[in-house]
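Thanks for coming, everyone. Please have a look at the model on the screen, and then I'll walk you through one site.

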Amino acid sequence: MVRPTLHCAKALQLTLAVIKPDAVAHPLIMKALHQRILESNFIIVRRKDLKWRRQDSERFYAEHSGRFFYQRLVEFMSSGPMRAYILAREDAIAHWRELMGPTKVYRARYTSPDTIRAQYGLTDTRNTTHGSDSVESAHREIAFFFPEFQIEDWMKKEEPCFRTGQ
Ligand code: IDP
């Protein structure tokens, strides 16, 4: 586990961050994204390389079934290896989403050129990264990618910041 210096000014929060197959295919982009995570004061709680079957992709993105991009998305997300991280820091969910930038790459390039999706995204579907968008989805998505990881246990045992909220 990599631990940057951490000031427990606020309670830590967990989020799920995923590097999608378009970025995993490029080692230099992977390296840059890993560096970006460390520089942004996230604790890397867990890391896993994996590849989805089509049905994993369908299940994870079930809320989008019926949307015009669903089939394309499902196919893309099961097309190659991914890297998943459980990240922790204050306001981890918002910080990772801010780092990623808007969903649509053309909008990211226009409005937030410093973001990951603006810099490395290829298309609206092949947009480099995923990040949970709420505490509820973070817990659900962490369980999806890391079924062996016990969130409550980790918060209680490993991180005093979770307990005290200081
Ligand atoms: P998010 O990943 O920024 O949270 P969601 O709306 O949850 O955005 O969409 C999930 C994923 O579906 C996106 O990351 C992207 O890969 C794909 N997607 C979303 N909207 C579009 C679109 O309009 N065209 C093509 N792909 C899309």
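What kinds of residues form the shell around the ligand? Two are nonpolar, four are polar and two are charged. Keep in mind that this is a predicted model. Here are the names: Phe69, Leu73, Thr103, Asp124, Thr125, Asn127, His130 and Asp133 surround the ligand.

Let's pick out His130. The UniProt record, an unreviewed entry, marks His130 as "active site". Find strand S4, residues 129-131, and you have found His130. Is His130 buried or exposed? His130 has 22 C-beta neighbours inside 10 Å, so it counts as buried. The cut-off for buried is 20 or more. Set aside residues up to four places away in sequence, and His130 touches Val18 and Lys20.

That brings us to Lys20. Lys20 sits in the loop between strand S1 (12-19) and helix H1 (21-24). Lys20 is buried too, because it has 23 C-beta neighbours inside 10 Å. Which residues does Lys20 contact, leaving aside neighbours within four places in sequence? They are Met77, Met82, Thr128, Thr129 and His130. Now look at Ser78. Lys20 and Ser78 are 58 residues apart along the chain. Their C-alpha atoms are separated by 9.5 Å.

Back to the record. Which residues does UniProt list for "binding site"? The unreviewed entry gives Lys20, Phe69, Arg97, Thr103, Arg117 and Asn127. You have met some of these names already. Phe69, Thr103 and Asn127 are among the residues around the ligand.

Last stop, Arg117. Where is Arg117? It lies in helix H7, residues 116-120. Why does Arg117 count as buried? Because 23 other C-beta atoms lie within 10 Å. Again leaving aside neighbours within four places in sequence, Arg117 is in contact with Met100, Gly101, Pro102, Val105 and Ala108. Its contacts also include Asn127, Thr128 and Thr129. Thr128 and Thr129 should sound familiar: Lys20 contacts them as well.

To recap: His130 is the "active site" residue in the UniProt record. His130 touches Lys20, and the record lists Lys20 and Arg117 under "binding site".

Notes
Residues numbered from 1 in each chain as written. Predicted model: local features only at pLDDT ≥ 70, side-chain atom pairs only at ≥ 80, totals over all residues. UniProt positions renumbered as here; feature names shortened; annotations may be inferred. Helix = DSSP H or I, 4+ residues; strand = E, 2+ residues; numbered from the N terminus. Buried ≥ 20, exposed ≤ 12 C-beta atoms within 10 Å, placed from the backbone. Contact = placed C-beta atoms within 7 Å. Near = placed C-beta within 6 Å. Nonpolar A, V, L, I, M, F, W, Y, C, P; charged D, E, K, R; others polar.
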